[in-house]
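Here is a short briefing on a single protein chain. It starts with one helix and then widens to the whole fold.

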Amino acid sequence: MTVEILFASIWAICGAVLVGSLLQLHRFLKTKPSIADEASLARFKALARTEMYLALFMLSLSPLIFVASAALVFKNGLPGLAAVLITSAIFLGCSMYHKRIERRTHNLPVAEALEEEYRAVCTSWIKKPWPDF
């Protein structure tokens with residue numbers, strides 16, 4: 001029963017982080033449909049930082065997910081494998097939806113004076129592990 005609890009707990013944490021992140025992205029897009037001023041850009045930077053830290057946290061859970069999944073399959077055989085595959089497929093689908101919403105935040109209309117800084121933040125968000133802005 002311990003393996004099952006570990007497996008479920010890790011995925012519950014991942015799910016909670018994903019849902020929290022999605023809510024944050026949706027809230028931002030609803031309140032800031034464009035980057036029109038310095039305040040909007042500052043809010044975007046705060047969002048990007050939080051999302052980058054959440055991505056690192058999720059990445060740190062990967063080894064635990066792997067170990068818990070392997071242990072579940074080893075202990076339960078085909079039913080364990082089915083649980084791992086179904087859970088992974090659901091999370092993959094949710095992650096793909098999250099990525100689509102995240103891309104929307106990278107393609108907002110931007111005031112010309114803020115375009116360069118906005119693009120730099122977007123590039124950092126996509127390509128670097130730590131915020132550098």
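Helix α1 of this predicted model buries Phe7, Ile10, Trp11, Cys14, Val17, Leu18, Ser21, Leu22, Gln24, Leu25, Phe28 and Leu29. Buried means under 20% relative accessible area, with a 1.4 Å probe and protein chains only. These buried residues pack against α2 (38–76), α3 (78–105) and α4 (115–127); contact means heavy atoms within 4.5 Å.

**Helices**
- The protein chain has four helices and zero strands, in the order α-α-α-α.
- Helices (H or I, at least four residues) and strands (E, at least two) are DSSP runs, numbered from the N terminus.
- Helix α1 covers residues 2–31, and its end C-alpha atoms lie 43 Å apart, which agrees with the 44 Å expected for 30 residues at 1.5 Å a residue.
- The expected span is 1.5 Å times one less than the number of residues.

**Overall shape**
- The C-alpha atoms fill a box of roughly 60 × 25 × 15 Å along the principal axes.
- The radius of gyration is 18 Å, against near 14 Å for a compact globule of 133 residues.
- That radius is taken over C-alpha atoms, and the globule rule is 2.2 Å times the number of residues to the power 0.38.

**Burial and contacts**
- Buried residues are 33% of the 133 residues in the protein chain.
- Of contacts between residues at least 6 apart in sequence, 75% join residues at least 24 apart.

**Basis**
- Residues are numbered from 1 along each chain as its sequence is written, and side-chain values use heavy atoms, leaving out hydrogens and water.
- In this predicted model, local features need pLDDT of at least 70, side-chain atom pairs count only at pLDDT 80 or more, and totals for chains, interfaces and linings use all residues.

How values were computed:
Buried < 20%, exposed > 50% of the residue type's maximum accessible area, 1.4 Å probe, protein only.
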